[in-house]
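Got the viewer open? Let's walk through this chain stop by stop, with something to select at each one.

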Amino acid sequence: AVTAAILIGLGFSPLAAYIFAKNRPGESVSMTAPVTQTPAQPAGQSWLVRFVMPSKYTLETLPKAAGEDVRLLELPATRRAAI
């Protein structure tokens, strides 16, 4: 799966700006699920939030992120469960 990841210290806004094309040229990216959140190191100081991109995109076809706040990466497929 291709994801956009951001280290959250000040909020979700840099990732939302990427998704809705507020800080980069091009079209917005459709919202999909899941969005995951895990503690970053050191734990409790900030969070790593990942947004899974729609399956029509590859790492090469996604709009490029503006700045260093949002990083695009490809992760191996895994199974997850949610409650």
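**Stop one: a strand pair**

Start by selecting L48, which lies in strand 3; helices (H or I, at least four residues) and strands (E, at least two) are DSSP runs, numbered from the N terminus. Before you go further, know that this is a predicted model, where local features need pLDDT of at least 70, side-chain atom pairs count only at pLDDT 80 or more, and totals for chains, interfaces and linings use all residues. Residues are numbered from 1 along each chain as its sequence is written, and side-chain values use heavy atoms, with hydrogens and water left out.

Is L48 buried or exposed? L48 is buried, because its relative accessible area is 17%, and buried means under 20%, exposed over 50%, partly exposed in between (1.4 Å probe, protein chains only).

Now add Q37, which sits in strand 2. Q37 and L48 are eleven residues apart in sequence, and their C-alpha atoms are 5.6 Å apart in space. Pick W47 as well: Q37 and W47 are ten residues apart in sequence and 6.4 Å apart, C-alpha to C-alpha. Leaving out residues up to four places away in sequence, Q37 touches W47, L48 and V49; contact here means heavy atoms within 4.5 Å. Q37 counts as partly exposed, because its relative accessible area is 49%.

**Stop two: zoom out**

Switch to a cartoon view of the whole chain. You should find one helix and four strands, running β-α-β-β-β from the N terminus on. Of the 83 residues of the chain, 31% count as buried. The accessible surface comes to about 5800 Å², with 57% of that belonging to carbon and sulfur atoms; areas come from the Shrake-Rupley method with a 1.4 Å probe, and for residues only the protein chains shown count as cover. Take the contacts between residues at least 6 apart in sequence: 60% of them join residues at least 24 apart.

**Stop three: the core**

Which residues make up the largest nonpolar core? Select V2, L15, Y18, I19, V29, V49, F51, M53, Y57, L62 and V70, eleven residues in total. Helix 1 and strand 3 (47-52) are the elements that give two or more residues to this core, and helix 1 gives the most, with three. A nonpolar core is a set of buried Ala, Val, Leu, Ile, Met, Phe, Trp, Tyr and Cys residues joined through side-chain atoms within 4.5 Å. In soluble globular proteins, nonpolar side chains tend to be buried together.

**Stop four: a buried arginine**

Next, show R24 as sticks, in the loop between helix 1 (13-19) and strand 2 (35-39). R24 is buried yet has no salt bridge, and the nearest side chain of opposite charge, E27, is 7.6 Å away. For that count, Lys and Arg are positive and Asp and Glu negative, with His and the chain ends not counted; a salt bridge is a side-chain nitrogen of Lys or Arg within 4 Å of a carboxyl oxygen of Asp or Glu.

What does the R24 side chain reach? One partner is the backbone oxygen of Y18, at 2.8 Å. The R24 side chain also reaches the backbone oxygen of E27, at 2.9 Å. Ignoring its neighbours within four places in sequence, R24 is in contact with Y18, I19, V29, P63, K64 and A66.

While you are here, click A21, also placed in the loop between helix 1 and strand 2. Phi of A21 is near 60°, a positive value in a residue other than glycine.

**Stop five: two last picks**

Select S55 in the loop between strand 3 and strand 4. S55 is exposed, because its relative accessible area is 78%. Draw a distance to V2: the two are 53 residues apart along the chain, with C-alpha atoms separated by 8.0 Å.

Finish at L73, in strand 4 (residues 70-74). L73 counts as partly exposed, because its relative accessibility is 24%. The C-alpha atoms of L73 and T58 are separated by 9.8 Å, with their positions 15 residues apart along the chain.

Note on methods. Polar contact = N/O pair within 3.5 Å; in protein donor to acceptor, adjacent residues only side chain to side chain.
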